[in-house]
Structures are given as C-alpha cells and as structure tokens.
Amino acid sequence: MHRLILFFLILFIVYHLFKRYVRSLFGFRTKPHDKRPTPITDELVKDPVCGTYVPKREAIVYGKMGKLYYFCSKKCLEEFKKSGHQNDRA
Ligand SMILES: [Zn+2]
C-alpha cells in the first residue's frame with residue numbers, strides 16, 4: 001500500500017514538472033516580460049497625409065531632407081512618399 005502512495009506521489013511530481021516544462025516551452029508569450037520602457041513622450045504629432053494626430057511614440061517616423069515626418073500608419077507613409085512632398089520644405 002505504501003508503494004502505491006509513493007508511486008502516485010512521484011507521478012504527481014513528474015506531472016507537475018512536466019507541466020512546468022511545457023509552460024516554459026510555450027508559455028513565454030503569456031509572460032508579460034515586455035515591460036514597456038518608460039514612454040519617451042506623449043506628445044502628439046500630426047500625420048501630414050490624413051491630418052490625424054498620433055502619439056509620437058506610436059507614430060511611424062520617416063525622415064526626409066533633414067525633416068522628420070510622423071504617420072499614423074504605413075499606408076499614410078506610402079501615400080506621402082508617392083505624392084512627393086518635396087516642395088513643402090519651403
Ligand atoms: Zn494617417
């Protein structure tokens with residue numbers, strides 16, 4: 001009888017170790033280790049294409065002729081590149 005208890009105890013431990021092992025293999029995504037670095041700024045920047053204001057740290061940055069442009073999405077960036085805003089340098 002004692003042996004049976006011991007057997008189940010070992011089984012229990014092995015099961016838990018296995019579970020932990022599996023979690024370490026697949027569970028890395030659930031771990032919130034992507035601690036966001038302190039936000040640089042919450043400054044809003046204007047998307048020159050659609051006119052939307054986007055938080056600077058979330059905006060897509062595009063540098064052109066020494067000037068930085070911020071976009072709400074890649075689509076707007078593409079739009080910007082296509083339309084060629086070269087002459088807005090003034
Ligand atoms: Zn936009």
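**Entry 1: burial and surface.** I began with burial over the whole chain, and in this predicted model 16% of the 90 residues count as buried. I then looked up the accessible surface, which comes to about 8,200 Å² for the chain, with 62% of that area belonging to carbon and sulfur atoms. For contacts with a sequence separation of 6 or more, I noted that 18% are between residues 24 or more positions apart.

**Entry 2: elements.** I went through the secondary structure and found two helices and four strands in the chain, which run α-β-β-β-β-α from the N terminus on.

**Entry 3: the zinc site.** Which residues coordinate the zinc ion? I find Asp-47 through OD, and Cys-50, Cys-72 and Cys-76 each through SG, at 2.0 to 2.2 Å. Along the chain, these donors follow the spacing D-x2-C-x21-C-x3-C. I checked the geometry next: the angles that the four donor atoms subtend around the zinc ion run from 97 to 117°, and the arrangement is therefore tetrahedral. For comparison I wrote down that the ideal angle for four tetrahedral donors is 109.5 degrees.

I also asked whether two of the ligands, Asp-47 and Cys-50, are buried or exposed. Asp-47 has 0% relative accessibility and so counts as buried, whereas Cys-50, at 41%, counts as partly exposed.

**Entry 4: aromatic pairs.** How many aromatic pairs does a search of the whole structure find? The search returns five. One of them joins Phe-7 and Phe-8, whose ring centres are 5.7 Å apart and whose planes stand at 70°, so I recorded this pair as edge-to-face. Phe-7 itself counts as partly exposed, because its relative accessibility is 49%.

Another pair is formed by Tyr-69 and Phe-80, with 4.6 Å from centre to centre and 45° between the planes, and I entered it as tilted. Tyr-69 belongs to strand β4 (residues 67-71) and Phe-80 to helix α2 (residues 74-83), so this pair ties together parts that are eleven residues apart in sequence. Both Tyr-69 and Phe-80 are buried. Following the ring pairs further, I saw that they link Tyr-62, Tyr-69, Phe-71 and Phe-80 into a cluster.

**Entry 5: the nonpolar core.** I then looked for the largest nonpolar core, which has six residues in all: Tyr-62, Tyr-69, Phe-71, Cys-76, Leu-77 and Phe-80. Both β4 and α2 supply at least two residues of this core each, and the largest share, three residues, comes from α2. The aromatic cluster of Tyr-62, Tyr-69, Phe-71 and Phe-80 is thus found again among the members of this core, as is Cys-76, which I had already listed as a zinc ligand.

What does Phe-71 touch, once residues up to four places away in sequence are not counted? I listed Asp-47, Pro-48, Val-49, Val-54, Ala-59, Ile-60, Tyr-62, Cys-76, Leu-77 and Phe-80. Two names on that list, Asp-47 and Cys-76, also appear among the residues that coordinate the zinc ion.

**Entry 6: a backbone angle.** Last, I looked up Met-65, which lies in the loop between β3 (60-64) and β4. Its phi is near 50°, a positive value in a residue other than glycine. I noted beside it that most residues other than glycine have a negative phi. With a relative accessible area of 45%, Met-65 is partly exposed.

Note on methods: Residues numbered from 1 in each chain as written. Predicted model: local features only at pLDDT ≥ 70, side-chain atom pairs only at ≥ 80, totals over all residues. Heavy atoms only, no water. Donors = N, O, S within 2.8 Å, 3.2 Å for Na, K, Ca; no water. Tetrahedral: all angles 85-135°; square planar, octahedral: opposite > 155°, others 65-115°. Buried < 20%, exposed > 50% of the residue type's maximum accessible area, 1.4 Å probe, protein only. Phe/Tyr/Trp six-rings, centres within 6.5 Å; stacked < 30°, edge-to-face > 60°. Core = buried A, V, L, I, M, F, W, Y, C linked by side-chain atoms within 4.5 Å. Contact = heavy atoms within 4.5 Å. Areas by Shrake-Rupley, 256 points an atom, 1.4 Å probe, with all protein chains shown as cover.
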